[in-house]
Each structure stands twice: as C-alpha cells, then as structure tokens.
Amino acid sequence: MSIGAARAYTNIALIKYWGKQDEQLILPMNSSLSLTLDAFYTETSVRFTSELTADRFYLDGQLQNEKQTKKVSSFLDLIRHKYDVPQFAEITSNNFVPTAAGLASSASGLAALAGACSAALDLSLSPTELSMLARRGSGSACRSIFGGFSEWQKGDSDTTSYAVQIPSDSWEQELAMLFILVDDAQKDVSSRDGMKRTVETSVFYEGWLTAVADDLVSAKQAIATKDFTLLGETAESNALRMHATTLGATPPFTYWSPDSLKAMNLVRACRLEGIPCYFTMDAGPNVKVLVQKKDADRLTARFAEEFNENQLVLAHAGPGIEILDSERSLTYD
Ligand code: FM0
C-alpha cells in the first residue's frame, strides 16, 4: 500500500491556452503564460491498494459517482499504464476556495493529483517531469507546478510540452488579482469543449494563433522589465482575442454575461480614474482584474460600490506545488 499527498495552487493565464494540437496527449496549439495564486488551492491524497476493485474518489468529503470520478480515473489509468501499477486507488481531495461560487479549478485539482500520485509511487520526478505529467490531466495544470509566473512551452510531443518558471526577481509579489464572481444564467460550455469547437469551426482561430505568439513575447518582455502597463494591456487584449474566437465558431457561443460586461466597463472606468488595472476572463463569466498591490484596496473599494462584497475575492501570487507529509491526514472543514 502506498500513500502520497500534495497541495497545488490554481493559476490564471495572462496569455491563454486555447486549443489543442493533440487531444490525447494534451499538446496545445499555442504557448501560454500564467500567474499562480495563493487564494485557491487543492489538497489531494492518493492511496493505491489491492483492497479496492475500482477507484474511490472523495471530493470535499463527498464520495463521487462513476461519472464524477471519470477524469480522475482516466488520469490514474495513465499512471497505472505508464508505471505498471496494478492497484486501484482511494483519492481524497479538498478544494480550498474563499467562497463556493464555482471557483474550483481543474488546474489546481489535476496538479495536486499528479503530485500525490508521484509521491505515493515514489517516482522521484523532477519539476519538469511533474509538469508533463500534470499536463496529461488538464493542460493548465502543468503551470501550477510552479509559483509566480510560469510559461507553458507548447512543444510538439509528450516530452517537449511542459511549463517553466519565468524569472521575475519576485516582481509578482507587488501584484494582486481581484476576482469578480458573476452569476451565470447560461448553460456552461466547458473549456475542453469550447476550445475544441473553436479550433474546429471558428473563422477567427487563425487570427488567434497569429496574435498569441506576439502577445507572449510582449508579456515576457513586460515581466523582464517590470512594466505593469505593458503586462496589463497585453493580458487584456489577449483575453479579448481568445473570447472573440468563440463568436466565430459554429454554433457560436460566449462566456460573457451582462455582469461580466459591467465588470469590464468598471475596469475601464477605474483606469480613467487613475487606478491602473486590467481584466482577464476564462471559460466562464467571472472577471479577474490584475492590479498592483499598492492599489488593491482602492480597487476593491471601488468594485464594492457596484458588486456585493461576497462577489469579490482578492488573491496574491502563490507558491508552486507542495508535497505533503503522507502521514498527515487531510481533514474536512
Ligand atoms: O488557463 O482540456 O486546462 O490558459 O482557462 O483540461 O486541457 O481546463 F479559459 C481558458 C484552460 C483554458 C485558459 O483549459 O483544459 C488557460 C483557459 P483541458 P483546461
């Protein structure tokens, strides 16, 4: 019987991963860049044991059914195949999020799972190898192996597609990200399905690929020179370009809701009022606002005039994955 546990923090892309060149290996069409955050994380423990005849997955204290266990089991199948492990596993996972408003992330979840498996099986993986492994669970998870800024270099094969930490002289410690949690009346399109539909059908997808390569260069230059305006402007336009591709898909779709637009407009208003800040959005209606730490309180107060306080969560830069002492039992809140 082998046990392992890990804690991984979520990350938010400033240059988005949007589209796969290989769906099975999860090789992306473009490289991406993210900031790992402290406010949202997942702790997962894995115990491989011959006592079980199927995987058992507990999420936030609840035993999950077969459908809910599928993503975790597919990842474990990969591990079992790759490392010749015959046993099923008991997986205990807890998401630590400031509110329950749909903020659980596949990035922190799959990164923690990869770390826990690696610890349980004593695989002695390097951070690069762990990033490759986490990528197979969920693309964005490969970036959560590292703290601060990380770049997922797209590569073109299983062993050339992984994230690396971007040297930043700790500049990320001067930054913050305000989450605006927005109600979603629409039916969700998962990021996995949304990017697939976009690659296959969007008349704007080629334009995305052209733009994202330049955006990545600008974002890295901004980090190297600690240029907040360049980083913010680049991230905001990159997010808008990603979301533009969904409108050109068949059938067309959007992740934006009326309150997403309200938040985006408020970001623009804050800039005019003298608070430098920039938004980004992922495969859902929540808006995330990049701001310098010194302006974070002012920005939060301004947003509190238009949104409820429980819709606002302030996050800062977070650490890379942590392997936990497997003797420690994970407790439920
Ligand atoms: O994080 O199909 O990792 O770069 O969040 O599991 O590989 O959930 F909204 C866009 C994340 C996509 C941008 O996709 O997909 C980003 C996104 P998977 P993910």
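**Legends to the close-up views**

**View 1. P251 lies in the loop that runs between helix 6 (228-247) and helix 7 (258-272).** Helices (H or I, at least four residues) and strands (E, at least two) are DSSP runs, numbered from the N terminus. The structure is a predicted model, in which local features need pLDDT of at least 70 and side-chain atom pairs count only at pLDDT 80 or more, while totals for chains, interfaces and linings use all residues. Residues are numbered from 1 along each chain as its sequence is written, and side-chain values use heavy atoms, with hydrogens and water left out. The peptide bond between T250 and P251 is cis, with omega about -10°. Most peptide bonds are trans, and most residues other than glycine have a negative phi.

**View 2. D84 has a positive phi, near 55°, although it is not a glycine.** D84 belongs to the loop between helix 1 (66-83) and strand 7 (88-96). Is D84 buried or exposed? D84 counts as exposed because its relative accessibility is 69%; exposed means over 50% relative accessible area, buried under 20%, and partly exposed in between, with a 1.4 Å probe and protein chains only.

**View 3. D169, likewise not a glycine, has a positive phi near 55°.** The loop that holds D169 connects strand 9 (162-165) and strand 10 (175-180). With a relative accessible area of 62%, D169 is exposed.

**View 4. N11 is found in strand 1 (residues 2-15).** Its relative accessible area is 5%, so N11 is buried. Which side chains does the side chain of N11 meet in polar contacts? One polar contact, of 2.8 Å, is with the side chain of R143, and another, of 2.9 Å, is with the side chain of S144. A polar contact is a pair of N or O atoms within 3.5 Å; within protein, one atom must be able to donate a hydrogen and the other to accept it, and residues adjacent in sequence count only if both atoms are side-chain atoms.

**View 5. The ligand is surrounded by 17 residues, of which Y17, K20, S138, S140 and R192 come nearest.** A residue counts as near if one of its heavy atoms lies within 4 Å of the molecule. An N or O atom in the side chain of Y17 is 2.6 Å from an oxygen atom of the ligand. For an N or O atom in the side chain of S140, the distance to a ligand oxygen atom is 2.7 Å. A polar backbone atom of G139 is 2.8 Å from an oxygen atom of the ligand. On its own the ligand has 470 Å² of accessible area, and the protein covers 94% of it; the areas come from the Shrake-Rupley method with a 1.4 Å probe, and for residues only the protein chains shown count as cover.

**View 6. The shell around the ligand takes its largest share, three residues, from helix 4 (residues 191-201).** Domain 1 (4-170) and domain 2 (174-316) each supply at least three residues of the shell; the domain bounds come from an automatic or database domain assignment.

**View 7. A116 is found in helix 2 (residues 106-120).** A116 is buried because its relative accessible area is 0%. The C-alpha atom of A116 is 36 Å from that of F228, a residue 112 positions away along the chain. In the chain of 333 residues, 54% count as buried.
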